[in-house]
Amino acid sequence: MNKEFIKALDEIEREKGIDKDVILDALKKALVKSYEENYDSNSNVEITINELTGDINIFSIKEVVENVEDENTEVTVNEAKKINKKVQIGDVVRIPVKAKNFGRVAAQKARSIVIQKLKDAERETTYEEFKDREKEIINGTVQRVDNGLIFINLGKTEGVVPKSEQIPGEVVNVGDRIKLYIQEVKNTPKGPRITLSRTNPALVVRLFESEIPEIANGLVEIYSISREGGSRTKIAVYSTDESVDPVGACVGYKGNRVNTIVEELNGEKMDIIVYDKDIDVFISNSLSPADVIKVYSNEKEKSAIVIVPDEQLSLAIGKEGQNVRLAAKLTSWKIDIKGESEHEEVKRELEEKALAQENDREEVNNIDDSEEIVEEEYSEILDEDPMGEDE
């Protein structure tokens with residue numbers, strides 16, 4: 001080994017992020033294995049590598065004895081004195097060994113160990129890199145599509161998009177460059193397994209963060225999101241600065257900002273909702289694009305009945321219930337949609353329910369009052385003189 005080899009290690013360290021010391025340590029272990037292969041598995045050997053010149057020094061560690069019984073671990077006094085004149089019986093000496101004497105099979109074994117160590121180190125480095133990027137978005141190129149799985153070239157490694165994380169109906173071709181959400185990174189014996197997603201709601205959040213400067217700098221914040229990948233997303237935003245319109249900031253001039261996101265998501269519909277601390281207003285906003293006449297909310301049950309114009313009933317509910325379903329996820333409330341023609345009936349039912357609840361409370365209060373009276377009377381009886389005698 002020489003300076004060219006050290007330069008090669010430096011290059012590997014730069015390109016692959018593998019510490020040079022890791023490779024040198026692997027090489028030392030490989031040479032030890034080679035020595036044991038060529039001589040004896042019980043031999044003691046010490047190996048040093050000069051990190052500047054690349055020179056290797058290999059020493060066989062042997063005990064100084066009068067009569068040698070095991071040539072691999074013992075050496076006579078006369079032989080030992082050729083190395084160090086001061087040695088005595090019982091001392092240990094380091095005898096230089098020439099690496100070329102290891103033999104072809106042993107050298108091949110050393111090479112295999114180093115290659116495997118390099119692979120292991122590269123896998124570990126790749127795992128650590130992507131583990132730190134978990135829950136982020138990444139650009140990748142479609143490498144192949146196999147058995148319903150999409151394999152993505154991520155440079156140093158590949159990721160996989162399971163069928164459950166693919167946008168329904170989206171067609172991707174080899175060579176397509178797309179953005180994905182790093183959903184999970186696992187370390188396996190075969191290297192890091194990187195699960196990617198195109199349907200996770202967090203992908204939309206990350207896209208908004210990267211495309212909308214006001215979100216990146218904190219002037220606009222995302223409160224919640226609900227998504228059915230490939231079809232529709234509702235995202236609730238609010239402004240931390242009264243002078244900034246949160247929806248306008250997200251939409252951009254002539255819709256250029258949100259359109260970039262929509263195009264990336266294969267034309268997915270995007271409803272940008274203004275979050276409001278008033279739950280009635282928030283629920284009303286969440287049902288966009290439908291107009292809302294009235295919201296009857298029940299804080300205790302986290303449920304609401306929403307009245308909309310009869311002609312917008314289907315719009316508020318959405319195809320197969322999608323609009324109201326996404327609104328419910330966005331607000332974390334149960335939402336029941338009613339047409340304007342049912343408004344009076346809804347009011348009557350709610351009033352009757354409220355009256356019944358009030359009556360129930362009054363009955364409970366009456367019972368509590370009666371129990372209190374009985375307790376007072378009982379206390380008075382106990383306080384009286386049981387013999388009825390005056391003092």
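I began with one strand pair: strand 8 (residues 177-188) and strand 9 (residues 191-197) run antiparallel and are joined by 7 bridges. I noted that the model is a predicted one. Within this pair I looked up Ile182, and its bridge partner in strand 9 is Leu196.

Next I asked what packs on the sheet. I found helix 5 (residues 201-211) there, touching strand 5 (137-146), strand 8 and strand 9. The direction of helix 5 makes about 125 degrees with that of strand 8.

I then traced the sheet itself. It is a closed barrel of 5 strands in the order 5-6-7-9-8, and the pairing is mixed. For the twist I noted an average of 50 degrees between neighbouring strands, direction ignored.

Overall counts. I recorded 12 helices and 15 strands in the protein. Of its 391 residues, 35% count as buried. I looked up the contacts between residues at least 6 apart in sequence, and 59% of them join residues at least 24 apart. The accessible surface comes to about 23700 Å², and carbon and sulfur atoms account for 46% of that.

Nonpolar cores. The largest core has 20 residues, and I listed those that touch the most other members: Phe208, Val220, Cys250, Leu265, Met270 and Ile272. Then I checked which elements give two or more residues to this core, and found helix 5, strand 11 (232-239), helix 7 (246-251), helix 8 (256-264) and strand 12 (269-274). Helix 5 gives the most, with 5 residues. Helix 5 thus appears twice in my notes, as it also packs on the sheet.

I followed Val220 further. Leaving aside neighbours within four places in sequence, I found Val220 in contact with Glu214, Ile215, Val237, Tyr238, Ser239, Thr240, Val244, Pro246, Ala249 and Cys250. I also noted a second, separate core of 19 residues, which includes Leu287, Val295, Ala327 and Leu330.

Salt bridges. I recorded 19 in the structure. In one of them, the side chains of Glu268 and Arg227 meet at 2.9 Å, N to O. Glu268 lies in the loop between helix 8 and strand 12, and Arg227 lies in strand 10 (residues 220-228), so this pair ties together parts 41 residues apart in sequence. Are the two partners buried or exposed? Glu268 is buried, with a relative accessible area of 1%. Arg227 is buried as well, at 8%.

I then turned to Glu228, whose side chain meets that of Arg325 in a salt bridge of 2.7 Å, N to O. Glu228 is in strand 10 and Arg325 is in helix 11 (residues 322-331), so the parts tied together here are 97 residues apart in sequence. I looked up the cover of Arg325 and found a relative accessible area of 33%, which makes this residue partly exposed.

Another pair I checked is Glu299 with Lys302, where the closest N and O atoms of the salt bridge are 3.3 Å apart. Lys302 counts as partly exposed, at 40% relative accessibility.

Which residues are linked with Arg198 in a network of salt bridges? I found Glu170 and Glu264. Glu264 falls within helix 8, the element spanning 256-264 that also gives residues to the largest core.

Key:
Residues numbered from 1 in each chain as written. Predicted model: local features only at pLDDT ≥ 70, side-chain atom pairs only at ≥ 80, totals over all residues. Heavy atoms only, no water. Helix = DSSP H or I, 4+ residues; strand = E, 2+ residues; numbered from the N terminus. Buried < 20%, exposed > 50% of the residue type's maximum accessible area, 1.4 Å probe, protein only. Contact = heavy atoms within 4.5 Å. Areas by Shrake-Rupley, 256 points an atom, 1.4 Å probe, with all protein chains shown as cover. Pairing = 2+ DSSP bridges. Axes fitted to C-alpha atoms, helices over the stretch in contact; angles between N-to-C directions. Core = buried A, V, L, I, M, F, W, Y, C linked by side-chain atoms within 4.5 Å. Salt bridge = Lys/Arg side-chain N within 4 Å of Asp/Glu carboxyl O.
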